[in-house]
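Here are some notes for a colleague who is opening this entry for the first time. They are set out as numbered points, to be read beside the structure.

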Amino acid sequence: KKSLPVYTLEDVAEHATKNDRIWVTYGQGVYDITDFVEEHPGGDKILMAAGGSLEPFWLLYAVHKNPHVFALLEQFRIGNL
Ligand code: HEM
């Protein structure tokens with residue numbers, strides 16, 4: 001997605017707590033999921049990905065491999081790597 005800002009992995013890693021906002025990556029996408037954490041059907045497990053990539057976790061929890069989950073994730077997009 002053009003027009004969104006570009007961030008580094010280091011930028012993402014600096015956003016790993018609610019105070020600093022919680023960012024994650026998926027592919028080239030950067031997402032601010034702070035406001036979703038409380039809504040997550042899988043509870044606090046979502047925090048395992050804080051400041052890093054969702055991919056290793058979503059490989060383990062295949063419930064996310066679903067169009068409605070990807071659509072939800074895109075709503076939180078703030079930029080690209
Ligand atoms: C379930 C979204 C990150 C673990 C779900 C569901 C959604 C969701 C929508 C319900 C799926 C359904 O049945 O339709 C997200 C989003 C994430 C995220 C948007 C990141 C932005 C994670 C991470 C983990 C995780 C990082 C594990 C480390 C789980 C588990 C469930 C679940 C275990 C199943 C809960 C249950 O049905 O008992 N997630 N998830 N999620 N998620 Fe996540």
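Which residues make up the largest nonpolar core? The points below start there and then move outward.

1. The core. The largest nonpolar core has 11 residues in all: Val12, Ile22, Trp23, Val24, Val30, Tyr31, Ile33, Ile46, Ala49, Ala50 and Leu54. Strands E2 and E3 each supply at least two residues of this core, and E2 gives the most, with 3 residues. As general background, nonpolar side chains in soluble globular proteins tend to be buried together.

2. Confidence. Please keep in mind that this is a predicted model. The protein chain has a mean pLDDT of 96, and 98% of its residues reach 70 or more. For the complex, the predictor reports an ipTM of 0.94 and a pTM of 0.95.

3. The sheet. Four strands are arranged as an open sheet in the order E1-E2-E3-E4, with antiparallel pairing. E1 (16–17) and E4 are the edge strands, each pairing on one side only. In general, strands of a sheet pair through backbone hydrogen bonds, either parallel or antiparallel.

4. The E2–E3 pair. Strand E2 covers residues 21–26 and strand E3 residues 29–32, and 4 bridges join them in the antiparallel sense. Two facing positions help to fix the register: tryptophan 23 is opposite aspartate 32 in E3, and tyrosine 26 is opposite glycine 29 in E3. The hairpin of E2 and E3 has 2 residues between the strands. In this hairpin, glycine 27 has a positive phi near 60 degrees.

5. The E3–E4 pair. Strand E4 (residues 77–80) runs antiparallel to E3, and the two are joined by 3 bridges. Glycine 29 appears here again, with asparagine 80 as its bridge partner in E4. Glycine 29 thus links two of these points, as it also faces tyrosine 26.

6. Isoleucine 22. Is this residue, isoleucine 22, buried or exposed? Isoleucine 22 counts as buried because it has 22 C-beta neighbours inside 10 Å, and the cut-off for a buried residue is 20 or more. Isoleucine 22 belongs to strand E2 and is a member of the core described in point 1. Leaving aside neighbours within four places in sequence, its contacts are His15, Ala16, Thr17, Ile33, Thr34, Val37 and Ala50. Valine 12, another core member, is 10 residues from isoleucine 22 in sequence and 8.4 Å from it in space, C-alpha to C-alpha.

7. Valine 24. Not counting residues up to four places away in sequence, valine 24 touches Tyr31, Ile33, Ala49, Ala50, Gly52, Ser53 and Leu54. Among these, Tyr31, Ile33, Ala49, Ala50 and Leu54 are also listed in the core.

8. Arginine 21. This residue is worth a look at its backbone. Arginine 21 lies in strand E2 and has a phi near 75 degrees, a positive value in a residue other than glycine. Most residues other than glycine have a negative phi. Arginine 21 counts as partly exposed because it has 15 C-beta neighbours inside 10 Å.

9. The ligand. There are 18 residues around the ligand, and Pro41, Gly42, Lys45, Ala49 and Phe57 come nearest. One of these, Ala49, is also part of the nonpolar core. By class, the shell has 14 nonpolar, 3 polar and 1 charged residues. Helix H3 (residues 67–74) provides the largest share of the shell, 3 residues.

Note on methods
Residues numbered from 1 in each chain as written. Predicted model: local features only at pLDDT ≥ 70, side-chain atom pairs only at ≥ 80, totals over all residues. Near = placed C-beta within 6 Å. Nonpolar A, V, L, I, M, F, W, Y, C, P; charged D, E, K, R; others polar. Pairing = 2+ DSSP bridges. Core = buried A, V, L, I, M, F, W, Y, C linked by C-beta atoms within 7 Å. Buried ≥ 20, exposed ≤ 12 C-beta atoms within 10 Å, placed from the backbone. Contact = placed C-beta atoms within 7 Å. pLDDT = per-residue confidence, 0-100.
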